[in-house]
Amino acid sequence: MEAKCSRTDCTFPETGKCLLNNDPATCEHRVVEEALSAAVDPPLGTPKQPKLLTPSLALGIEELSWRFNQRSCSMIGILGLPGAGKTAALVSLYLLLSNAELQSYEYRDSDSLIAFEQLSRGARHTEQLDQITAHTEITDGRTAAFLHLRTFDRRTSRVLDLLLPDLPGEWTSDLINHNRTDRFSFLGSCASIWIFVDGRKLLDQQERNPSLRSTELVVRRIVALLGENCPPLRLVLTHADAGEIGEAVISKLTARLVNDAPDLSVTRIASFSSADEIPAGFGLETLLESSLAFLSDASPNYVPEREAGRRAVLNFRGNIE
């Protein structure tokens, strides 16, 4: 509370003494007013801290949860050691879609377009394949970052939302070296899991056996983590343009894992190619089609507006009533 004097000639605030020699606490001219509380909220409310984008400009867990609630999404898990070619494959897939170079899929949209453009920038301005994509870095080591692609599947007439994790290779290294599986629980929600293997190492006799052992460990630890919920696994052998991997090498790898992952399949790809006989993006469409084969038996969820006619909304409402 704040005290004031009703007399206009009061000098107490300046001198500290009452002009009438009265006690300030009991002076008859003293007026007490309620002071405004300092705790009153500002008229516009307390400003909220702006929501920050993830360091990679990809989608975080909160954005991912929102999309799962709003749309029917299909997630594909992606693992692989540093330099295996994970990010290059994602960039190549985005460029193929956006340039209408896939037979079965059309590009429709991307909620992580800036991230894709940032990653693919090198593919437009360099002729050195090793410099096309940057190493993926995530400052928060506990959460994954996801890329989004919305496509139209011509085979099934379905609009398909794909979620693709862009994870650093160090996560797979920790899975191999320390059996750290706590960051991969989201893989149980995937339609398929792609395990990337650098095909160049399978061509090198000195690096072949260590690469095979690392791949075996990744497969077995993912299967042990997910158990019966483990989706189909796809071994993705990158750099197909570097040379032909012998069938004996592939058979040796799959034979060791047939008991752990009976649905395991192998696909060779070349995200970007230095060989004339192998085009850039080789094998990626086949990989995507095999990973989403479970959708081929589902009913279409999209009808082009030009085929539906003006009564499309009424027809849709009649179907759900």
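Start by selecting Arg234 and look across to Ser265 in strand S9, which it stands opposite. Keep in mind as you click around that this is a predicted model.

**Around Arg234**

Now select both strands, S8 (233-237) and S9 (265-268). S8 and S9 run parallel to each other and pair over four bridges. Add helix H8 (247-257) to the selection: together S8, H8 and S9 build a right-handed β-α-β unit.

Stay with S8 for a moment. Are its residues buried or exposed? Five of its five residues are buried, so "mostly covered" is a fair label, given that buried means under 20% relative accessible area. Turn the view to look at each face of the strand: Leu233, Leu235 and Leu237 are buried on one side, while Arg234 and Val236 are buried on the other. That fits a general pattern, in which side chains of a regular strand alternate between the two faces of the sheet.

**Across the sheet**

Next, show S7 (192-197). S7 and S8 are parallel too, with five bridges between them. Zoom in on Ile193 and you'll find its bridge partner in S8, Leu233. On to S3 (73-80), which pairs with S7 in the parallel sense over five bridges. Ile193 turns up again here, as the bridge partner of Gly77.

Zoom out to take in the sheet. Seven strands make it up, in the order S4-S5-S6-S3-S7-S8-S9, and the sheet is open with mixed pairing. Which strands sit at the edges? They are S4 (105-109) and S9 (265-268), each pairing on one side only. From one strand to the next, the twist averages 30 degrees.

**Into the core**

Go back to Ile193 and show what surrounds it. Skipping neighbours within four places in sequence, its contacts include Gly77, Leu79, Leu187, Ile222, Leu226 and Leu233. Pro231, Pro232 and Arg234 are in contact with Ile193 as well.

Ile193 is also one of the residues with the most contacts inside the largest nonpolar core, which has 35 residues. Select the others in that group: Leu79, Leu187, Val219, Ile222 and Leu233. Which elements supply at least two residues each to this core? They are S3, helix H5 (169-178), S7, helix H7 (205-226), S8 and H8. Of these, H7 gives the most, with six residues.

There's a second, separate core to visit, with 31 residues. Select Ile76, Leu93, Leu95 and Leu288 to see some of its members.

**Two neighbours in sequence**

Now for a pair of residues next to the sheet strand S3. Select Ser72, in the loop between helix H2 (61-70) and S3. Its relative accessibility is 56%, so Ser72 counts as exposed. Cys73 comes out at 14%, which means it counts as buried.

From Ser72, jump to Asp161. These two are 89 residues apart in sequence, yet their C-alpha atoms are 6.9 Å apart in space.

**Cysteines**

How many disulfides does the structure hold? Zero. Take Cys230: the nearest cysteine sulfur belongs to Cys190 and is 9.7 Å away, and Cys230 is in no disulfide.

**The whole view**

Finish by showing everything. The protein has 11 helices and nine strands, and 41% of its 321 residues count as buried. Among contacts with a separation of 6 or more, 75% join residues 24 or more positions apart.

Terms used:
Residues numbered from 1 in each chain as written. Predicted model: local features only at pLDDT ≥ 70, side-chain atom pairs only at ≥ 80, totals over all residues. Heavy atoms only, no water. Pairing = 2+ DSSP bridges. Axes fitted to C-alpha atoms, helices over the stretch in contact; angles between N-to-C directions. Core = buried A, V, L, I, M, F, W, Y, C linked by side-chain atoms within 4.5 Å. Buried < 20%, exposed > 50% of the residue type's maximum accessible area, 1.4 Å probe, protein only. Contact = heavy atoms within 4.5 Å. Right-handed = clockwise from strand over helix to strand, strands pointing away. Disulfide = S-S within 2.5 Å.
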